[in-house]
Amino acid sequence: MAFIYDKTEVQTFHTIALRGIVIFPGITTSFELGRKMSVSSLKAASDQGELVYLAVQKNPAVDEPDGDDLFDVGVVARVANVLRLTNGNYQIMAEGLYRARRVSTVCEDGHLISDVLQYPKRNVSTVHGRKAIESLWTVFNDYLHYVTKPSPEILEEIHRVDDAGLLADFLASNFLTNFDDRRALLEEIHPIRRAEKLCAILQKDIALMELENSIQSKVKYRLQRRQREAYLREQLNTIRGELGMDEDSMDMDEDSEYGKKIAEANLPAEVAEKLKSEAGKLAKMPFGSSEASVIHNYLDTCLELPWCVYTEDRLDILEAKKILDEDHDGIEKVKERILEFLSVKQLKPDAKGQILCLVGPPGVGKTSIARSIARATNRRFARISLGGIRDEADIRGHRKTYVGAMPGRIINAVKLAESANPVILLDELDKLTRDAHGDPASALLEVLDAEQNNNFRDHFVELPFDLSSVLFIATANTLDTIPPALLDRLDVIEMSSYTDSEKLAIAKNHLIPKQYANHGLNKTQCKFTDEAIELLISGYTRENGVRNLERSIASICRKTAKSIVSGERKSVRVTPAVVKKNLGPVKYLRETMNDTDEIGIVNGLAWTSLGGELLRVEVSSMQGTGKLELTGNLGDVMKESAKAAVTYIRKHSNELGIDPEFYTKQDVHIHVPEGAVPKDGPSAGVTLCTALVSELTGKTVKRNIAMTGEITLTGRVLPIGGLREKTMAAYKYGCDTVIIPYDNRGDIEELDREVREHLSVIPVKTVSEVLHLAVNR
C-alpha cells in the first residue's frame, strides 16, 4: 500500500549516519559516535534543542557519506543523554520516536541535514492485531529454547506490549543480530506485515539453530563413543598383560565379522593365518584411526580375491571349435592352438596355464578372438590395457601403507573375474613404456613365466597368489618393441591380414548382422549384394583388418535408416551404385597389369603394415657417363640392392648379352612409384636386377609374373619374409605366376588356399633362373 504525504508535513533535521546499527521507534538505544561529521550534527541539534534523524548508511567503509550513501527509511529520535568518553568519542542514549522517509540530504557546515516525511500511524483492527501478537509470541517462545533466556524484567516488559508493530520492533531490537534482517523490519511500515516478517526471520533462525544443535550432538556422541572404546581397549590390554598373554596369543574373536568371513572363505593356510593376524591387529586399534582404515581396506580386498575358486573348463573339442567358428572366420592358426590347449588339458588336467601372444596389424580381431577363447573354454574374461603404462606399481601394486594404495592390475583383473583360472587379455603389450618409476615390462616377467607365476606376490596383497591356471593372452602390433626376455616367455602366433574372400565372409556373417542390430534394421529393409561388399573392400578400405569396412557398412546403414524413417523408401538393396551414391567416388584404385609386355618394367612385391603391395619397378637408360640415379623415396637397403644388381650385371655382361662398357657409356635411372611412399628392404633385389637386364638388353618382361627375393653379388637368391601377404597382393592384381627364393619353398603350405589354387609359385636358387623365367627371349 502506498503512503501519500502532504508537502506541509516535510520536516528538516540534523542527520547522523549510523554504520551497522539500526534503531527502532519506541526503543531507547545506546551507541557511540566518533566521526567528525556525526559529532557536528549532534552538537548542532543539541544547541538548538532539536530532534535528530538517524539514517542507516549503506556501506560502512565510507567515512564521509552523502545522500546517495544512505538508505531512504530512518528514525527520528530524541537524544536523551550524551557522555564524553576518554578516547574523544561520545556515548549517546537516544529514544526512537517514529519512522520517517528521507526526501533529500545536503551537507552544510560540515554535517548532514535532511528533509524527511513522517510515515502516518497505521490503525489495525483489534482482531488482526491480537492474532498477529499471538503468532509472534508462539514463534518467539520456540525461539527462546535456542538462545539465552532474557531477564524476567525484559519478559515482563515484552508482555505489557499490546501493539503488534511495537512488539515486532521491540523483539527485533533486542534479539535480532543480522543487520539485513533488522533493516528489512525497519523498512516495513505496516505493523501486521512487520510482525509476519519477524515471524519468518525467527523461524529461519530456529531451523538453523536446530541443525547446529543436531550436528553438535552427533559430534559429541561420536567423541564420547571413541573415548569409551579407547578406555575399554586400554583396560582389555591391561587385563591381558596381567594374565601374561603375549601379542601372538591375542587372536581375533572367531565370532567377529572378519573371523566369520575368513572361516567361510576356504583360504590357503598361509593366507588365512595372515588375515587372522591382521584382523587381530584391527581389533586392538581405536575406532576410526587411520591405520585401522588401511587394514579394513586390506582385509576387504584380500577376502574378495578368488583364492580357491575355479570354473570348470569346457573340454569338448568339437563344441569349442563350433564356438570359435561361430565368432570368427579364418585365423585357423589361433583356433588350432586353442584346441591343442584344450586337448592337453583333457589328458593332463593339472597342466599349467598358457601364455599366448597374438601379433598382427590393427583390426584383424586380436582382442575379439580373446573373448571368443574365453567363451569356448567356459572361462571368465578380464582385459588389461597396457598401452602407455610406465609405472611398475601398475602391474605389482603399491605397498598398503601408502595413501590410496591398491592392488596391481593383474590381481585386480583376477578379482573382477571372480575366478582363479580366467582368460586375461594383456592388450597392446608392445605399447609399454618405461621411466623413472620403473619398467613395467620387467614386472611382467614373473607374471608371464609359467615356472614362477604360481607364487606371484602383489605388493599390496603381500601373499602368494597362484596364477599358473590363468590363460594369459597378449596382443601386439609388432614384436620389435617387446624386450627379448619378455618375448622369450611368449608363445607367439602371427595373425596376418585377411584376404578379400575372408573379408567378404566376415562382412556377411558378422559385420552386417551386427550393424543391422545397431541400427534397428533387418534383412528385408536393407540387403547388401556381394558385389557391393566387394566394392567396399577394394575401393573404400585399404587395411589388413575390417574396422574401416565395418564403419563403411555402418554409414550405409545410417543412410538407409534415414530414408526409411523419412518415408522415401521401404527397403534398400545395396548395390555398387548405391555404395557410390552414399560414400562418394571410389577412394582407392588398384594397380592393374599393363596391356603388353614392356621393357624395363617388372612387378615386384613388398610387405607393408597394411599387407602386401605390388611394387612396379621402372628402369630407363640413356647415353651418358655411367651415373646411377635412384628415385622413389628409397631406403638405404634398397639402394644397396640396386648397386648389388649392377655389380652382378657387370660381372655377367657377356652371358647376358650386354655391352661390358655400359657402366661408362650409359646413365641408368631406377624409379619405384609411388614417390611419396617410403620404401626399403632387401627383397626387391631380383626385381631390380631383372628390370636392369631388360632395359640393357632391350628385351621385354612378362607382365603376368611378380617376384620377390634378395640377391647376392654371386647371383644367389636369398629368402625373404611376408610371403603370405606378398602372394596375396600378386593374386589381387591379377598375376598368375610368382617367383620366390628356393629357401622359402616351405612357406608355400602356409599360403592361403585360394592363392595356392590360382597362382603358380616357382622357387628359384639363382638370378639366372629368374631371368630365364621372366624375360622374353
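# Report on a predicted protein model

At 51% relative accessibility, E418 counts as exposed, where exposed means over 50% relative accessible area, buried under 20% and partly exposed in between, with a 1.4 Å probe and protein chains only. The structure is a predicted model, in which local features need pLDDT of at least 70 and side-chain atom pairs count only at pLDDT 80 or more, while totals for chains, interfaces and linings use all residues. Residues are numbered from 1 along each chain as its sequence is written, and side-chain values use heavy atoms, with hydrogens and water left out.

## The protein as a whole

The protein has 27 helices and 26 strands, these being DSSP runs numbered from the N terminus, with helices (H or I) of at least four residues and strands (E) of at least two. Its radius of gyration is 47 Å, whereas a compact globule of 777 residues would have one near 28 Å; the radius is taken over C-alpha atoms, and the globule rule is 2.2 Å times the number of residues to the power 0.38. Along the principal axes, the C-alpha atoms fill a box of roughly 140 × 85 × 60 Å.

Of the 777 residues, 46% are buried, and the protein exposes about 40,100 Å², of which carbon and sulfur atoms supply 49%; these areas come from the Shrake-Rupley method with a 1.4 Å probe. When contacts (heavy atoms within 4.5 Å) between residues at least 6 apart in sequence are considered, 73% of them join residues at least 24 apart.

## Two residues with positive phi

Most residues other than glycine have a negative phi. E418, which is not a glycine, nevertheless has a positive phi near 55°, and E418 lies in the loop between α14 (409–417) and β9 (423–427). N633 is likewise not a glycine and has a positive phi of about 60°; its place is in the loop between β19 (628–631) and α21 (636–651). With a relative accessible area of 38%, N633 is partly exposed.

## From G67 to helix α5

G67 lies in the loop between β3 (52–56) and β4 (73–84), and G67 counts as buried because its relative accessibility is 14%. Apart from neighbours within four places in sequence, G67 is in contact with R102 and T105.

Helix α5 spans residues 179–186, and its buried residues are D181, R182, R183, L185 and L186. The N-terminal end of α5 is capped by N178, a side-chain oxygen of which lies 3.0 Å from the backbone nitrogen of D180.

## Helix α25 and strand β26

Both R724 and M728 belong to helix α25: R724 is found in this helix, which covers residues 723–732, and M728 lies there too. Not counting residues up to four places away in sequence, R724 touches S496, S497, T499, E502, E750, L751 and D752. With neighbours within four places in sequence set aside, M728 is in contact with T499, D752 and V755. T499 and D752 are thus partners of both R724 and M728. M728 counts as buried because its relative accessibility is 8%.

I762 has its place in strand β26 (residues 760–764), and I762 counts as partly exposed because its relative accessibility is 25%. Leaving out neighbours within four places in sequence, I762 is in contact with T737, V738, I739, I740 and L773.

## Separations along the chain and in space

The table below sets out pairs of residues.

| Pair | Separation in sequence | C-alpha to C-alpha separation |
|---|---|---|
| G67 and S114 | 47 residues | 8.5 Å |
| R724 and D747 | 23 residues | 8.0 Å |
| I762 and E640 | 122 residues | 25 Å |
| M728 and P306 | 422 residues | 47 Å |

Notes: A polar contact is a pair of N or O atoms within 3.5 Å; within protein, one must be able to donate a hydrogen and the other to accept it, and residues adjacent in sequence count only if both atoms are side-chain atoms.
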